[in-house]
Amino acid sequence: MPRSFNVTILAHLLFIAISTLVLVWLLHFREGVAFNSPNKIKIFNLHPLLMVIGFILVGGEAIMTYKSIPGKRSSGKMVHLLLHLIALAAGVLGIIAVFKSKKEAGLANMYTLHSWFGMSAICSFGLQGLLKNIGAEMSTRATLMPWHRFIGMVIFLLAVGTAGMGLVEYFQFLGLFHSQEALIVNFTGLLLFLFAVFVSLSVILPRSY
């Protein structure tokens, strides 16, 4: 039977591949990124950068820490918490970036299903972490742990699905068809799906050590 550690290796490789595709796409094809710029596209580009690499990929790595880091559970717990904090910070900055770019461009916000799902994912992510780490006794935490894992996976898969919707929206907005950029966007979505599959498998499969 395959072990979770073997699956996490494939997920780590997908992390690198997806990050590379996103960076090539935004830096080479989409004029780069910036938080303050007269070019509103650069500000908007921070959104897919932070949401894909920061929120989804780092969040996925956080989910896998208990299965990919050998040693004491306390070590995995610290890395898990640290990566989740990084993912949350990236997600919040990604939301700020898209609101900022649209406000400065005079465009409306929060009218698509992508935006509704995205805001639901980031708010649920923050709320889940807050509820887990405050005001609960150890026995209560142990009882709620299966629900924590389940809800965490639901939020993660919601984020991946939302990213796919965002890629489709941007693809259509840019009018991409048969081009190198179109291939990069499509392969990014495909590899995100595979990343979600391997992260999910790492949760289901037993540890290797």
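**A walk through an all-helix model**

Hi everyone. From the N terminus on, the elements of this protein run α-α-α-α-α-α. That makes six helices and zero strands. Please keep in mind as we go that this is a predicted model.

So how confident is the predictor? The mean pLDDT of the protein is 90, and 90% of the residues reach 70 or more. Which elements sit at the two ends of that scale? Helix H6, residues 180-204, has the highest mean pLDDT among the elements, at 96, while helix H5, residues 138-174, has the lowest, at 88. A general reminder for when you zoom in: where pLDDT is low, please don't read the predicted coordinates in detail.

Now the overall shape. Along its principal axes, the C-alpha trace spans about 50 × 40 × 25 Å. What would we expect for a chain of 209 residues? A compact globule of that length would have a radius of gyration near 17 Å, and the protein has 18 Å, which agrees.

Next, the packing. Of the 209 residues, 43% count as buried. Looking at contacts with a separation of 6 or more, 75% of them come from residues 24 or more positions apart.

Last, the surface, for those of you who think about what a buffer would see. The protein exposes about 11400 Å², and carbon and sulfur atoms supply 74% of that area. As for charges, there are 15 positive and 6 negative ones. How far apart are their mean positions? The answer is 12 Å.

That's the tour. Thanks for listening!

Terms used:
Residues numbered from 1 in each chain as written. Predicted model: local features only at pLDDT ≥ 70, side-chain atom pairs only at ≥ 80, totals over all residues. Heavy atoms only, no water. Helix = DSSP H or I, 4+ residues; strand = E, 2+ residues; numbered from the N terminus. Rg over C-alpha atoms; globule rule 2.2 N^0.38 Å. Buried < 20%, exposed > 50% of the residue type's maximum accessible area, 1.4 Å probe, protein only. Contact = heavy atoms within 4.5 Å. Areas by Shrake-Rupley, 256 points an atom, 1.4 Å probe, with all protein chains shown as cover. Lys, Arg positive; Asp, Glu negative; His and termini not counted. Charge placed at Lys NZ, Arg CZ, Asp CG, Glu CD. pLDDT = per-residue confidence, 0-100.
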